[in-house]
Amino acid sequence: MQHFLVFYVCIGAIIKNEFFIKTQLNKNFPIKKAFVMGSTSTIAQQICMELALKGCKQFFLLARDEKKNNIFAKNLELKFNVKIIKKIIDLNQISELDPQTKKDINDYDLYLLSAGYLGNTELANNNLEESKKITLVNFYSLLPWLLQITTKKRLNSKGRLWILTSVAGDRGKPSNYQYGAAKSALTIFCEGILLRCINKPFAVRIIKAGFIKSPMTKDIKPSFLCTNPSLMAKKLLKNPNKRGIHYFPWWWKWIMFVIKIAPESIIAKL
Ligand SMILES: NC(=O)c1ccc[n+]([C@@H]2O[C@H](COP(=O)([O-])OP(=O)(O)OC[C@H]3O[C@@H](n4cnc5c(N)ncnc54)[C@H](OP(=O)(O)O)[C@@H]3O)[C@@H](O)[C@H]2O)c1
């Protein structure tokens, strides 16, 4: 009797899951192929799940941690029956892309740049290696990829580039200015691309995130200040064609407005 009960509960769960996936699927969903730089990131994984749920069929998952990336890829593949391509990258080193990679990344509907490194500011203040790593991972090593994604030809056809940057880039604070400086450089660089695309079919979206629950913010107290990454994924995918610079959650715009005009004596304590 007990076995039958377990069997029916399992079958029920499978049918419910299938039904849930089917009801979310949207035939006209414009993102069928997604390129994800930093696919082991908590936020990127939530976005990938949401993309697959809506109808994205192919993922190019680029990450540093091969084991973690393989586990996530398998999970995505099994759950949504999608095609996966994987590549291992370490953004702590910068190099020109090889001709094959340049070719491979040409025709994605969405390019999501999610890799990032908060680093240890105290260490970085006296250590060039750490300081360099923060700049490389958050900005400099993304350049070969950004240059390839935003060729003149590519920007003249439909596509999307989403960049996860940070409110930390809005003002230098003693606690995280090295990370903030790199994110600020990334934001300004991508704002330039966004403006280049203003009358083009290619849409650029810069997301200035506040605190989001992930390994990066595990020490943030109180934790209620951290927003759920799945909520972020859902919000972003509500309007997949949106372009512009947006704070997430939206109220960070007002927090940063205050921080930007606050006197130096106050910011010096942050
Ligand atoms: N969480 C927040 O509150 C917050 C706020 C503002 C902006 N952001 C930005 O949002 C993005 C996603 O962050 P998250 O919260 O999802 O953090 P996360 O889970 O810690 O993800 C960070 C990602 O960056 C990758 N990465 C770090 N160093 C790398 C390197 N040298 N080479 C290649 N990849 C590297 C990590 O890969 P491994 O798995 O190999 O370590 C991981 O995929 C980041 O750009 C972050 O700066 C986050």
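Which strands does helix α3 lie across, and at about what angle does it run to β3? In this predicted model, helix α3 (residues 66–80) lies across β2 and β3, and its direction makes about 175 degrees with that of β3. Another helix, α9 (residues 177–196), also packs on the sheet, where it touches β5, β6 (202–209) and β7. The direction of α9 makes about 155 degrees with that of β6.

The sheet itself is a good place to continue. It is open and built from seven strands in the order β3-β2-β1-β4-β5-β6-β7, with parallel pairing. The edges are held by β3 (83–88) and β7 (244–248); each has a single partner strand, so one side of each is left without a neighbour in the sheet. On average, neighbouring strands are turned by 15 degrees against each other, direction ignored. As a general point, strands of a sheet pair through backbone hydrogen bonds, in either a parallel or an antiparallel manner.

Strand β1 deserves a closer look. Five bridges join β1 (residues 33–37) to β2 (residues 58–63), and the two strands run parallel. Within this pairing, Lys33 has Gln58 of β2 as its bridge partner, while Met37 stands opposite Leu62 of β2. Four of the five residues of β1 are buried, so this strand is largely enclosed by the rest of the structure.

After β1 comes a loop leading to α2, and Ser39 is placed in that loop. Ser39 counts as buried because 29 other C-beta atoms lie within 10 Å. Neighbours within four places in sequence aside, the contacts of Ser39 are Ala44, Gln45, Cys48, Leu61, Leu62, Ala63, Asn69 and Phe72. Pro174 is another matter: its C-alpha atom is separated from that of Ser39 by 30 Å, with the two positions 135 residues apart along the chain.

The largest nonpolar core has 55 residues, of which Ala34, Val36, Cys48, Leu112 and Ile163 touch the most other members. Helix α2 gives the most to this core, with seven residues. In soluble globular proteins, nonpolar side chains tend to be buried together. For Ile163, the contacts beyond four places in sequence are Leu113, Leu186, Cys190, Ile206 and Ile207.

The ligand has 27 residues around it, and those that come nearest are Thr40, Ser41, Arg64, Gly116 and Ser214. Two elements, α2 (42–54) and β5 (159–166), give two or more residues to this shell. Sorted by class, the shell around the ligand comprises 13 nonpolar, ten polar and four charged residues.

Several residues in helices add detail on exposure and long-range placement. Ile149 belongs to helix α7 (residues 143–149) and counts as buried because 21 other C-beta atoms lie within 10 Å. With neighbours within four places in sequence left aside, Ile149 is in contact with Ile105, Tyr111, Arg154 and Leu161. Ile149 and Asn106 are 43 residues apart in sequence, yet their C-alpha atoms are 7.0 Å apart in space.

Arg196 lies in helix α9 and counts as partly exposed because it has 14 C-beta neighbours inside 10 Å. From C-alpha to C-alpha, Arg196 and Thr150 are 9.8 Å apart, with their positions 46 residues apart in sequence. Lys234, found in helix α10 (residues 229–238), is likewise partly exposed, given its 14 C-beta neighbours inside 10 Å. Lys234 and Ile43 are 191 residues apart in sequence, and their C-alpha atoms are 11 Å apart in space.

Two backbone features round off the description. Most residues other than glycine have a negative phi, and most peptide bonds are trans. Asn81, in the loop between α3 and β3, has a positive phi near 55 degrees although it is not a glycine. Asn81 counts as exposed because it has 10 C-beta neighbours inside 10 Å. The peptide bond from Phe248 to Pro249, in turn, is cis, with omega near -15 degrees. Pro249 has its place in the loop between β7 and α11 (252–261).

Definitions and conventions:
Residues numbered from 1 in each chain as written. Predicted model: local features only at pLDDT ≥ 70, side-chain atom pairs only at ≥ 80, totals over all residues. Near = placed C-beta within 6 Å. Nonpolar A, V, L, I, M, F, W, Y, C, P; charged D, E, K, R; others polar. Buried ≥ 20, exposed ≤ 12 C-beta atoms within 10 Å, placed from the backbone. Pairing = 2+ DSSP bridges. Axes fitted to C-alpha atoms, helices over the stretch in contact; angles between N-to-C directions. Contact = placed C-beta atoms within 7 Å. Core = buried A, V, L, I, M, F, W, Y, C linked by C-beta atoms within 7 Å.
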